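Q: Could you take me through the metal site of this model, please? I would like a close look at that one part, with a little of its surroundings.

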Amino acid sequence: MKAYLTRRYLFSASHRLHCVEMSDAENKAVYGKCNNPHGHGHNYSVEVTVAGRVDPRTGMVCNLVDLDSFVQEKILERFDHQNLNTLAEFQATVPTTENLCVEVFDILERDFHHAEIEKVRIEETMLNSFEYAGGREIRY
Ligand code: NI
């Protein structure tokens, strides 16, 4: 029996979409106003989905206290109110929200051991959201 738990977290950060392998003109053509040299900010909403069997004793897939404290320490404190372009993880990749999903998923998968990490979904705006499941197909 496998069950899923999704929890939502909020943080704010700025970024500039700019690929060092492209010319300034290409960057402008590809990223448009998101290539503005001064960057811009988003209020990101991150949904973390974990999966596992329901513990017969606790009745839970994962204790939210464990998930919340992990996300607070390893993700929110890392990314909240930062310029994503300045962080080590975005020196070789562009801080798009696709890549942010991958980073958040990889941090969880590497170090969170209380449940399996199923999926990370990030809403960047009311109109955009991105999902990553470690290369697995996402089941709906
Ligand atoms: Ni943006």
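A: Happy to; here is the metal site, followed by its setting in the chain.

A word on the basis: this is a predicted model, in which local features need pLDDT of at least 70, side-chain atom pairs count only at pLDDT 80 or more, and totals for chains, interfaces and linings use all residues. Residues are numbered from 1 along each chain as its sequence is written, and side-chain values use heavy atoms, with hydrogens and water left out.

The nickel ion is held by the NE2 atoms of His 15, His 40 and His 42, at 2.0 Å. Donors here are N, O and S atoms within 2.8 Å of the metal (3.2 Å for Na, K and Ca); water is not among the atoms, so sites may look incomplete. Along the sequence, the donor residues follow the spacing H-x24-H-x1-H. His 15 lies in strand E1 (residues 3–15) and His 42 in strand E2 (residues 40–52), so this pair ties together parts that are 27 residues apart in sequence. Helices (H or I, at least four residues) and strands (E, at least two) are DSSP runs, numbered from the N terminus. His 15 and His 42 are both buried, where buried means under 20% relative accessible area, exposed over 50% and partly exposed in between (1.4 Å probe, protein chains only).

Now for the setting. The chain has three helices and five strands, and from the N terminus on they run β-α-β-α-β-α-β-β. Of its 140 residues, 39% count as buried. Glu 118, in strand E4 (residues 116–123), is buried too, with a relative accessible area of 13%. Leaving aside residues up to four places away in sequence, Glu 118 touches Lys 2, Tyr 4, Thr 49, Val 50, Ala 51, Phe 105, Ala 133 and Arg 136; contact means heavy atoms within 4.5 Å.

Aromatic rings offer further links. The structure holds four aromatic pairs, and Phe 70 and Phe 112 form an edge-to-face one, 5.3 Å centre to centre with 70° between the planes. Rings of Phe, Tyr and Trp (its six-membered ring) pair if their centres lie within 6.5 Å; planes under 30 degrees apart count as stacked, over 60 as edge-to-face and the rest as tilted. Phe 70 and Phe 112 are both buried. Ring pairs also link Phe 11, Tyr 44 and Phe 79 into a cluster.
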